[in-house]
Amino acid sequence: MDGFAFDLLLRWTHFIAGIIWVGHNYSSVIQRPSWRPLTGADLGNDQSARFQALLNREHGFFRWASVVAWSAGTLMLWRRGSLPGALALDGALAPIGVGMYIGTLMMANVWLVLWPHQQKVLGLKPATLEERLRCSRITHLSSRTNTMLSVPLLFFMAAGAHGGMLVR
Amino acid sequence: MGHPYDTAAGTVLLGLLLTGALAALVRLLA
């Protein structure tokens, strides 16, 4: 496979993994546009082993999609020799550099903030009812932070592909 | 008053504001 074909493959992978990942955030906003605190009754119905396995699978898919999307994006920049310039927000690489920093922050949010709390909310890790309800507020804020960050993320991905049109 | 993230509109509005602020910064500094 030549370099151009591999770059195309990476870009395609980046889009698909990104849609799986951020699509989950958008789906959550559409299902629950406004915050309504959970109650014990809300959490009581999802304890069957089958439902737990479904939740685990779904969460795993989008969590690992974040790693695939981030890795494909970083590898694309590295292969082009653009990674140092993007990291330094240098000239025409500044827009995609901003996108990369936002994407990195979002992946860290998924793994370090959302996941540890979501495990308790979903019942994948043992926790008291009070603790699960407390964690559901944190997962809401964490998920919405990524939804909010996806707006500039997609803008800077698009801007970066158009030759850094923001830069004079 | 609740958190801006507590509504879909608040979340999107914050995203748009951040996009504008970052785009202006890139235009000024990069």
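Here is a walk through a predicted model, from the two chains down to a few backbone details.

Let's start with chain A. Its 168 residues form six helices and zero strands, so the order of elements from the N terminus is simply α-α-α-α-α-α. The C-alpha trace of chain A spans about 55 × 35 × 25 Å along its principal axes, and 32% of the residues count as buried. What about contacts along the sequence? Looking at pairs in chain A that are at least 6 residues apart, 78% of those contacts join residues at least 24 apart.

Chain B is quick to describe. There are 30 residues in this chain, with buried ones making up 13%. Chain B has one helix and, again, zero strands. Its C-alpha trace covers about 35 × 15 × 5 Å along the principal axes.

Back in chain A, helix α5 is a good place to zoom in. This helix runs over residues 94-121, which is 28 residues. At 1.5 Å a residue you'd expect a span of 40 Å, and the end C-alpha atoms of α5(A) sit 38 Å apart, so the two values agree. That said, α5(A) does bend, by about 45 degrees at A:Leu114. Which residue type turns up within four residues after that bend? A proline, namely A:Pro116. Past the helix comes A:Gly123, with a positive phi near 85 degrees.

Now bring in α6(A), which covers residues 129-161. How do α5(A) and α6(A) sit relative to each other? Their axes come within 8 Å and cross at roughly 165 degrees. Angles over 145 degrees count as roughly antiparallel, and therefore that is the label for α5(A) and α6(A). The crossing of these two helices is left-handed.

On the other side of α5(A), have a look at the loop that links it to α4 (83-87) in chain A, where you'll find A:Leu89. The backbone does something worth checking here: phi of A:Leu89 is near 55 degrees, a positive value in a residue that isn't glycine. Most residues other than glycine have a negative phi. Is A:Leu89 buried or partly exposed? A residue needs 20 or more other C-beta atoms within 10 Å to count as buried. A:Leu89 has 19, so it is partly exposed.

Key:
Residues numbered from 1 in each chain as written. Chains lettered and ligands numbered in written order. Predicted model: local features only at pLDDT ≥ 70, side-chain atom pairs only at ≥ 80, totals over all residues. Expected span 1.5 Å × (residues − 1). Bend = angle between axes of the 7 residues up to and from the residue. Buried ≥ 20, exposed ≤ 12 C-beta atoms within 10 Å, placed from the backbone. Contact = placed C-beta atoms within 7 Å. Axes fitted to C-alpha atoms, helices over the stretch in contact; angles between N-to-C directions. Parallel < 35°, antiparallel > 145°, perpendicular 65-115°, else oblique. Left-handed = near helix turned anticlockwise from the far one by under 90°.
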